[in-house]
Amino acid sequence: MANKEYNLRSYYVDVYEDSWEEGEGDNVHSWEDYPDKSFSSKSELMKRIKEIIEESTGSDEVKEKDIEVEEEELGITKLYYSELCKYVELGRGYDHYEKPNKKELEQWKKGEIKLFNVHFIFAVEIYEKTKLSF
């Protein structure tokens with residue numbers, strides 16, 4: 001029996017313009033969400049985090065090993081992930097970012113198109129489960 005519970009308290013996303021030659025530039029967008037959802041295993045939590053990243057970036061290549069974990073501070077463990085993306089205008093009143101293809105990466109390196117670094121920060125509380133006895 002697993003003895004931990006994982007609560008995804010919140011996540012925050014910062015988007016920065018990125019240049020091949022100059023690196024990360026100005027912050028152009030950010031958003032946050034407070035799912036406050038519990039998971040009975042680390043694998044369930046990581047599956048949901050990968051889904052959030054994939055929904056936000058169109059990437060299907062998110063690997064757990066690429067998600068950086070900062071150990072607990074004041075009861076919160078933070079997980080970090082960044083993805084280089086292009087901006088896609090959907091005309092629906094909100095932004096959408098997608099992972100660029102190889103041609104677009106080459107265009108970005110030549111300064112022909114803009115790409116953005118999309119940074120995710122997830123805040124997770126980890127609880128030890130205890131068995132109640134009467």
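**Reasoning about a predicted model**

Student: How do you decide whether W108 is buried or exposed?

Tutor: In this predicted model, the relative accessible area of W108 is 8%, and the word buried is kept for values under 20%, so W108 counts as buried.

Student: What makes W20 buried, exposed or partly exposed?

Tutor: W20 has a relative accessible area of 48%, and since exposed would require a value over 50% and buried one under 20%, W20 is therefore called partly exposed.

Student: Why is the pair of W20 and W108 stacked or edge-to-face?

Tutor: By the rule for aromatic pairs, the count comes to 7. The ring centres of W20 and W108 are 5.5 Å apart, with the planes at 80 degrees; because centres must lie within 6.5 Å to pair, and planes over 60 degrees apart count as edge-to-face, this pair is edge-to-face. The pair also links distant parts of the chain, with W20 in the loop between β1 (4–19) and β2 (23–33) and W108 in helix α2, 88 residues apart.

Student: What makes K109 a charge that sits over the ring of W20?

Tutor: The charged end of K109 is 4.9 Å from the centre of that ring, and the distance limit is 6 Å, with a further condition on the angle to the ring normal. K109 is listed as sitting over the ring of W20, as is K37 over the ring of F39, where the charged end is 5.4 Å from the centre.

Student: Why does E104 count as buried or exposed?

Tutor: E104 is found in helix α2, and its relative accessibility is 15%; because buried means under 20%, E104 counts as buried. Leaving out residues up to four places away in sequence, E104 touches K86 and I113.

Student: Which atoms make a contact at the start of helix α2?

Tutor: Helix α2 covers residues 102–109, and at its start a side-chain oxygen of N101 reaches to within 3.1 Å of the backbone nitrogen of K103. The limit for a polar contact is 3.5 Å, so the distance given for N101 and K103 meets that limit. After α2 comes G111, whose phi is positive, near 80 degrees.

Student: How do you know that β1 and β7 pair, and in which sense?

Tutor: Two strands pair if at least two bridges are found between them, and β1 and β7 have 14 bridges in the antiparallel sense, so they pair. One place to look is L8, which stands opposite V124 in β7. Strands β5 and β7 also run antiparallel and are joined by 9 bridges, with L84 standing opposite N117 in β7.

Student: Which residues touch the most other members of the largest nonpolar core?

Tutor: That core has 22 residues, and I49, I53, I67 and F122 touch the most other members. At least two residues of this core come from each of β1, α1 (42–57), β5 (76–88) and β7 (115–128). Among residues more than four places away in sequence, I49 touches I67, L79 and F122, and F122 belongs to an aromatic cluster together with Y11, Y81 and F120.

Student: How many helices and strands does the protein chain have?

Tutor: The chain has 2 helices and 7 strands, arranged from the N terminus as β-β-β-α-β-β-β-α-β. Of its 134 residues, 31% count as buried.

Notes. Residues numbered from 1 in each chain as written. Predicted model: local features only at pLDDT ≥ 70, side-chain atom pairs only at ≥ 80, totals over all residues. Heavy atoms only, no water. Polar contact = N/O pair within 3.5 Å; in protein donor to acceptor, adjacent residues only side chain to side chain. Helix = DSSP H or I, 4+ residues; strand = E, 2+ residues; numbered from the N terminus. Buried < 20%, exposed > 50% of the residue type's maximum accessible area, 1.4 Å probe, protein only. Contact = heavy atoms within 4.5 Å. Phe/Tyr/Trp six-rings, centres within 6.5 Å; stacked < 30°, edge-to-face > 60°. Lys NZ or Arg CZ within 6 Å of the ring centre and 35° of its normal. Core = buried A, V, L, I, M, F, W, Y, C linked by side-chain atoms within 4.5 Å.
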